[in-house]
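Got the viewer open and a coffee at hand? Let's take a walk through this one, stop by stop.

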Amino acid sequence: MRIGVFVCNCGTNIAGTVDTAKVASEALAFADVVYATNYMYTCSEPGQQEIQRAIGEYGLQGVVVAACSPRMHEPTFRRAVEKAGLNKYMFEMANIREHVSWIGNDREANTRKAVDLVRMAVGKLRFNQPLFSSKMPVNKRLLVIGGGVAGIQAALDCADGGVDVVMVERKQYIGGKMAQLDKTFPTIDCSSCILGPKMVDVSQKENITLYAASEIESISGYIGNFTVEIRKKTTYVNWDACTGCGACMEKCPAKKAEDYFNEGLGTARAINIPFPQAIPKKAVIDAQFCRQLNGKKCGVCAKICPVKAIDFEMKDTIVTEKVGAIIAATGYDLFDHSVYGEYGAGRLPDVITGIQYERILSASGPYGGHIRRPSDGKEPTEIVFISCVGSRDQSVGRPYCSGVCCMYIAKQAILTRDHLPESNSYVFYMDIRAPGKNYDEFVRRAQEEYGVQYIRGRVGKIYQRGDRMVVQGADTLLGVQVEVEADLVVLATGVESSSGAGELAEKLRISYDQYGFYMESHPKLRPVETNTAGVYLAGACQGPKDIPSSVAQGSAAASKVQSLFAHDMIETNPQVALVNERNCIACGKCIQVCPFGAIQWKELRGGIKKAEVLPSVCQGCGVCNATCPPKAVQLQHATDNQILAEVNELCA
Amino acid sequence: MLENDRNQLHKLVEEALPELDMMIGWAESCDPLQTTPVFIRDAKSISKLTLGPFCSQNLAGYLVKPPALDAPPKPDAKPIGICVKGCDSRSLVALIQEKFITRDRVRIFGIPCRGTVDFRKVAQRVPLANVKSATMEGDSLVIDDSGTPLRLDLEEVLARKCLGCRYPNPVIQDVVIGQEAKPRSSSLAATYRDVAAMDAKPLEERLAFWQSELDRCIRCYACRNACPLCVCQDRCIVETREPRWLTQRVGIPEKFLFHFIHAMHLAGRCTGCGECERVCPMDIPVTLIKEKLNKIMEEMLGYSAGLDPEAVPPLLTFNPGETEI
């Protein structure tokens, strides 16, 4: 094989600590290398032209570029060699930037290591084979998982572009956390007034199929051709018939059901439509509280329902949908503040969370929009807000900033003053994080126009004194201890990943961080893509986010889907597993370990069984290859011989 | 007692043979300290079958090695009868777990085992050519070499694997022949005492030990061929060019690599039957390498291979929940 080696200076990024000219001259001495040079910026247009010129002039059959991470520029160089007539897999990249020049200052050692890496790449290249992709049709339907504001935005954008959208929401209504909010910062506009029309759009668009009260059971397939099984959970109400009239709710005698929508501040009926604007506006029976379902004589709802929609015998059903792309928009949950003993650990009834306070402020909330405290229904006059409850606290495993709490505290303090002009609000904070457009001005307004008292310091203890609570804390700016007698304490509970985020990530085969937030493909340059092709992210499932950012990500993910759907066919990745039937001993271990179900049995003449890889399903993870005892399964472009060649070169 | 057991075996095999494709067992050989595997299809040969402390071979491997492996069983094929000791039965279970054989393909004659004699240990005490007969009496092996009968303590002449045996009675069987046997070990510590002794040595000493032991290896692959779970046989990657993991070069690195590939391929599968070590013509304690892995499997994953036909070996499954390991 005639091999050319191109060593990139990357300006001074590499050349600063690696003698690239020496790397090139040493590479020229390797077997099969007929041309080697170094270049200022190999990825630049002239740099690529130099590679293409050398391919023609020296009759190169393979190219090695020693430069940055292949994650960065492998596609660039593959295109360049392909344009010059080589198969794009007759190309290898040696990473001498992230793996060499950026991590050490010893020029001599760096140069030696760079030479080793180039020798390994040349060694592997000798065993490379041309690989060819095939074309697969794209199913131009989209699955959106999660019906919060990010998912809604993504679904509407795609539906507007003519894409068929399937939306799955595990709650019985869409709208997510935003539907529970009263007003939104920094404009104080009504949350349900701006979200409501979008929710209605979702239900009215003909090309959006909504599965509420449903969860993802399984996902198989690959970009352009996913098959999704959706579990429609038992609601005990036939939604095709239910008109949302609410007659059942009025008559239901089980009045002490948990009111999830109002965050436990009130009670609900066992058969319930959580709020008047709910989409879909359908009733659901809470089996935990329903009398009939707990063996008592009842069935009132079934008698009263004018359309006979109640079905106590209902079971979960599974529906299958085929889609070509998936947007995960599963949102977030709120930190459980009961781990903080000093804040009452959930025992003090008038220590509530920010989202509970939203429900109190809301006109459709449990108190009709009048601020009262849960214990005795009194109007509070002294209200304390505590920020960073489950944020920026290593001791509870939440070192990150939730990003939205500073802003929603300011909003809630402003609204409190609007509702109760005689009241006093205090905010205990660590730092004020208000980096958005008009955000800092908003916090200043709370302090300057609304007289909210900001106290920089943490609260050490909250305890009951009479019918009030004493909040003890430190004012670290004045260096004194402060004590506030409060009627109501609002904890700014932080954002954490949605419950079950990890399980869904496993089904989607995307990665997630230690806190359960989904990993984007690149933190700056690929913020809504995942490392699984065809799966995109929107909203707080990727990390704590406010409404504007979630909506922006919803639209961004939608645009990614639409650019994918602009193609009728996509190229498959030929870097997949392949079985050498002659070596296969039919032990079936590869079938057992394949995480993607990409390997199946194939029967030859005489009933002899062999393993067979479905190239379109294979993700190229290599687990089969590692498991196969005779190594009959080989991962194309990372075959045992290619890797052994690298190891041999390294040990040579 | 042994005579009774042998008669019982002959009787049971005689009854079963018409329903069997064949019977695999042990027969006496010219050497009183060793037996030979025997394959019986007709009733006349049943009398050849024997059992006892010299039946050291694990016969389970014959069910899955070529040509058995190459030709898929015919749907109407009769089951194969096979004699197994406790350790051999675990190999059968492992093969059933990995779906190389189905349970209904085998008729298992289970034989509780009081330990098998390693003839090489006897040879260190008495020239093998002189041995006329040998019998097990209680805790000793009595050797008749035409002089005064020589009594050898069983602990001195049993195979190494037998000394720490926890499963002398078959874990899977259709019929059982003879009395239940008492395990020689009931603890992990006793079973893996040789591993622990090795682990206690400094790294350099261990390396030196394996270098000198494995240097004797002649790469005859007897250990691999005898292993009932080494099912690749002539597709074994130590002999292929595609992929080419090993060359035929004679050197310690190649021998190391071969033995460690063998061990890694058995990780979480090896039942510790000791066949690899028994057949080694160079007396290399190769089972010890696998014992180390078995110990790790038991301690880390709480798994012993070849006990439950329904269990999925932990290294042969993909479980996304296993993030802690």
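What follows is a list of things to select and what you will find at each.

**Before you click**

This is a predicted model, where local features need pLDDT of at least 70, side-chain atom pairs count only at pLDDT 80 or more, and totals for chains, interfaces and linings use all residues. Residues are numbered from 1 along each chain as its sequence is written, while chains are lettered from A and ligands numbered from 1 in the order in which they are written.

**Stop 1: chain A as a whole**

Select chain A. Its C-alpha atoms fill a box of roughly 85 × 70 × 45 Å along the principal axes. You'll find 17 helices and 34 strands; these are DSSP runs, H or I of at least four residues for helices and E of at least two for strands, numbered from the N terminus. Of the 652 residues, 48% are buried. Buried stands for 20 or more other C-beta atoms within 10 Å of the residue's own, exposed for 12 or fewer, and partly exposed for in between, with C-beta atoms placed from the backbone.

Now colour by domain, using bounds from an automatic or database domain assignment:

- domain 1: 3-125
- domain 2: 141-233 + 316-331 + 500-565
- domain 3: 247-304
- domain 4: 334-496
- domain 5: 577-636

Put a distance between the C-alpha centres of domain 2 of chain A and domain 5 of chain A, and you get 35 Å.

**Stop 2: the largest nonpolar core**

Which residues touch the most other members of the largest nonpolar core? Pick A:A155, A:I327 and A:V489, out of 132 residues in that core. Helix α11 (residues 405-419) of chain A gives the most to it, with nine residues. A nonpolar core here is a set of buried Ala, Val, Leu, Ile, Met, Phe, Trp, Tyr and Cys residues joined through C-beta atoms within 7 Å.

Zoom in on A:I327. Leaving out residues up to four places away in sequence, A:I327 touches several residues, including A:L142, A:V144, A:Y536 and A:V561. Touching, or being in contact, is a matter of C-beta atoms, placed from the backbone, lying within 7 Å.

Apart from that core lies another, of 83 residues, with A:A632, B:L141, B:C162 and B:L229 among them.

**Stop 3: loops of chain A**

Go to A:Q292, in the loop between β16 (284-285) and α9 (300-304) of chain A. Is A:Q292 buried or exposed? Buried, because 20 other C-beta atoms lie within 10 Å. Beyond its neighbours within four places in sequence, A:Q292 is in contact with A:C298, A:G299 and A:F312.

Next, select A:P280, in the loop between β15 (271-272) and β16 of chain A. The peptide bond from A:I279 to A:P280 is cis, with omega near -5 degrees. Then hop to A:E263, between β13 (257-258) and β14 (267-268) of chain A. A:E263 is not a glycine, yet has a positive phi of about 55 degrees. With 21 C-beta neighbours inside 10 Å, A:E263 counts as buried. Most residues other than glycine have a negative phi, and most peptide bonds are trans.

**Stop 4: crossing to chain B**

Show both chains. 19 residues of chain B are in contact with 21 residues of chain A. The chain B side of that contact has 11 nonpolar, three polar and five charged residues. For these classes, Ala, Val, Leu, Ile, Met, Phe, Trp, Tyr, Cys and Pro are nonpolar, Asp, Glu, Lys and Arg are charged, and the others, Gly among them, are polar.

Hide chain A. Chain B has 12 helices and nine strands, in a box of roughly 55 × 50 × 40 Å for its C-alpha atoms along the principal axes. Its domain 1 covers 2-118 + 158-315, and its domain 2 covers 119-157. The C-alpha centres of these two are 25 Å apart.

**Stop 5: α10 of chain B**

Select residues 252-265 of chain B, helix α10. Its buried residues are B:K255, B:F258, B:H259, B:H262, B:A263 and B:H265. Turn on α8 (203-215), α9 (222-226) and α12 (287-301) of chain B, which are among what covers them.

Last click: B:P243, in the loop between α9 and α10 of chain B. The peptide bond from B:E242 to B:P243 is cis, with omega near 0 degrees.

Methods:
Expected span 1.5 Å × (residues − 1). Contact = placed C-beta atoms within 7 Å.
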